[in-house]
Each structure stands twice: as C-alpha cells, then as structure tokens.
Amino acid sequence: MHLAYPAVLAALLFCTGLYGVLARRNAILVLMSVELMLNAVNLNLVAFDVWLRDSLHAGQALTLFTIAIAAAEIGIGLAIVLMVYRNRGTADVDRLRDTAEGHEPDGWNPAGVNPDSANPATGAAA
C-alpha cells in the first residue's frame, strides 16, 4: 500500500473540517467539523502504523485513545450546545459571546427600566 493515498485523503478530510470550523455558524456543524479533523488524524495514525510495520501497533492504540477522547468531547459539547440553545433559543456561534460574564445581550433589560431615562451614575431611573 502506498502511503500517499491515505495521506492525501486525510489532508482533504482535515481541510474540509478546518473549513467547516472557520465558515460555519451553527455549533452542531462546528462540532461535526472537529470530528472530521479528528478522523483525518486517525487515518494518518493508522496509515503510518501500517507503513512503518510497528510491532506494538502504537498508531492503532493512539487511534483508539483519540476515538475515546472524541466521544467524550462530543458528549460534553452537545450538552453545552443544548443548554445554550435552551437558554438563548439559537445555536449560532457568533451570538455565543453574549454568554460572557458581565455582558448583557442586546435588548436585555432586567428591571424594565427605560435606558434613556436611567441615571448613568447609579443606573436607577430619574
């Protein structure tokens, strides 16, 4: 088996995943793109393990470890995305910066105070 075929396929998979991470806005699609990138790494690990004829099969062992890490990452990532979707009503990655501490989303008014009539020093209504 030539090493070039799985290496080129892995490079294409990785580039597709990288494009998905950089271009997508939906968090689920970003997680799927990360999985594509991890599968490209797994393909390289197994291909180089076969090419080097490693007696310990270290590439395949690392692939199993990577699959376990990917499963844990997808479980935790989906839980976070579902909680954000329940709280915000969207899974748009661009709007996730609103979850930063001390930052209120646009239009959020907890006390129902008109911002035009609020005192800037105290935040209380005039």
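**Exercise 1. Determine which residues of α2 are buried and which elements cover them.**

Solution. Step 1: apply the burial criterion, in which buried means under 20% relative accessible area, exposed means over 50%, and partly exposed lies in between, with a 1.4 Å probe and protein chains only. Step 2: in α2 the buried residues are Ala-27, Val-30, Leu-31, Ser-33, Glu-35, Met-37, Ala-40, Asn-42, Ala-47 and Asp-49. Step 3: identify the cover by contact, that is, heavy atoms within 4.5 Å. The cover of these buried residues includes α1 and α3.

The structure is a predicted model, in which local features need pLDDT of at least 70 and side-chain atom pairs count only at pLDDT 80 or more, while totals for chains, interfaces and linings use all residues. Residues are numbered from 1 along each chain as its sequence is written, and side-chain values use heavy atoms, with hydrogens and water left out.

**Exercise 2. State how many helices and strands the protein has, and in what order the elements run.**

Solution. Step 1: assign the elements from DSSP runs, taking helices as H or I with at least four residues and strands as E with at least two, numbered from the N terminus. Step 2: the assignment yields three helices and zero strands. Step 3: read from the N terminus, the order is α-α-α. Step 4: for the chain as a whole, 20% of the 126 residues count as buried. Among contacts with a separation of 6 or more, 49% join residues 24 or more positions apart.

**Exercise 3. Compare the end-to-end reach of α2 and of α3 with the span expected for each.**

Solution. Step 1: compute the expected span as 1.5 Å times one less than the number of residues in the helix. Step 2: α2, with 26 residues, reaches 38 Å from its first C-alpha to its last, close to the expected 38 Å. Step 3: α3, with 31 residues, reaches 44 Å, close to the expected 45 Å. Step 4: consider the packing of α3, whose buried residues are Gly-59, Thr-63, Thr-66, Ala-70, Gly-77, Val-81 and Val-84. These residues pack against α2.

**Exercise 4. Describe the N-terminal cap of α2 and the polar contacts of the Asp-54 side chain.**

Solution. Step 1: adopt the polar contact criterion, a pair of N or O atoms within 3.5 Å; within protein, one must be able to donate a hydrogen and the other to accept it, and residues adjacent in sequence count only if both atoms are side-chain atoms. Step 2: Asn-26 caps the N-terminal end of α2, with a side-chain oxygen 3.2 Å from the backbone nitrogen of Ile-28. Step 3: Asp-54 is located in the loop between α2 and α3 and is partly exposed at 26% relative accessibility. Step 4: the Asp-54 side chain reaches the backbone nitrogen of Leu-56 at 3.4 Å, and a polar atom of that side chain lies 3.0 Å from the backbone nitrogen of Ala-58.

**Exercise 5. Examine the positive phi values of Arg-53, His-57 and Gly-89.**

Solution. Step 1: recall that most residues other than glycine have a negative phi. Step 2: Arg-53, which follows α2, has a positive phi of about 50 degrees although it is not a glycine. Arg-53 is exposed at 73% relative accessibility. Step 3: His-57, in the loop between α2 and α3, has a positive phi near 55 degrees and is partly exposed at 41%. Step 4: Gly-89, just after α3, takes a positive phi of about 85 degrees.

**Exercise 6. Count the salt bridges and locate the partners.**

Solution. Step 1: require a side-chain nitrogen of Lys or Arg within 4 Å of a carboxyl oxygen of Asp or Glu. Step 2: the count is one salt bridge. Step 3: the partners are Arg-25 and Asp-94, with their closest N and O atoms 3.5 Å apart. The pair links distant parts of the chain, 69 residues apart: Arg-25 lies in the loop between α1 (4-23) and α2 (27-52), and Asp-94 in the segment after α3 (58-88). Step 4: Arg-25 is exposed at 52% relative accessibility, whereas Asp-94 is partly exposed at 41%.
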